[in-house]
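Hello,

Here is the structure I promised to pass on. Please have a look at it first; my notes on what was found follow below.

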Amino acid sequence: MTDNLPLNPKPCKKCGSPGEVMKAGSNRFWVECAKFGRNGNCNVISAQASTRKAAIQNWNANCT
């Protein structure tokens, strides 16, 4: 069964850099491009979610 495998963010759809899971507080997660903001000039970021898994699913859904 593949449901037990760790879920990882796909590369950024705009520049190809890795997606990075970010966290604020106990239940605010999102994924952003590794070259987002002060690290570069890419502006791709996912919607926030209450779990890490949901944030990665949001990101991956928009990277196709």
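**The core**

This is a predicted model. Its largest nonpolar core is made of 11 residues: Cys12, Phe29, Val31, Cys33, Cys42, Val44, Ala49, Ala55, Ile56, Trp59 and Cys63. At least two of these core residues come from strand E2 (29-33), and at least two from helix H1 (52-61). As a general point, nonpolar side chains in soluble globular proteins tend to be buried together.

Ala49 is one of the core residues. What does Ala49 contact, leaving aside neighbours within four places in sequence? The list is Asn27, Arg28, Phe29, Ala54, Ala55 and Asn58.

**The fold**

Now the overall layout. The chain has two strands and one helix. Along the sequence they follow the pattern β-β-α. The radius of gyration is 12 Å, close to the 11 Å that the globule rule gives for 64 residues, so the chain is as compact as a globular protein of that length. Along the principal axes, the C-alpha atoms fill a box of roughly 35 × 25 × 15 Å.

Some totals for the chain. Of its 64 residues, 28% are buried. The exposed surface is about 4400 Å², and carbon and sulfur atoms supply 49% of it. Take the contacts between residues at least 6 apart in sequence: 35% of them join residues at least 24 apart.

**The two strands**

E1 covers residues 19-23. It pairs with E2 in the antiparallel sense, over five bridges. One of the pairings puts Val21 opposite its bridge partner Val31 in E2. The two strands form a hairpin, with five residues between them. Gly25 sits in the turn and has a positive phi of about 75°.

How many of the five residues of E2 are buried? Five are, so E2 counts as mostly covered. Phe29, Val31 and Cys33 point one way from the strand. Trp30 and Glu32 point the other way, and they are buried too. Phe29, Val31 and Cys33 also belong to the core listed above.

**Before the first strand**

Ser17 lies in the segment before E1. Is Ser17 buried or exposed? Its relative accessible area is 8%, under the 20% cut-off, so Ser17 is buried. Not counting residues up to four places away in sequence, Ser17 touches Pro11, Cys12, Cys33, Ala34 and Lys35. Two of these partners, Cys12 and Cys33, are members of the core.

Best wishes

Notes. Residues numbered from 1 in each chain as written. Predicted model: local features only at pLDDT ≥ 70, side-chain atom pairs only at ≥ 80, totals over all residues. Heavy atoms only, no water. Core = buried A, V, L, I, M, F, W, Y, C linked by side-chain atoms within 4.5 Å. Buried < 20%, exposed > 50% of the residue type's maximum accessible area, 1.4 Å probe, protein only. Helix = DSSP H or I, 4+ residues; strand = E, 2+ residues; numbered from the N terminus. Contact = heavy atoms within 4.5 Å. Rg over C-alpha atoms; globule rule 2.2 N^0.38 Å. Areas by Shrake-Rupley, 256 points an atom, 1.4 Å probe, with all protein chains shown as cover. Pairing = 2+ DSSP bridges.
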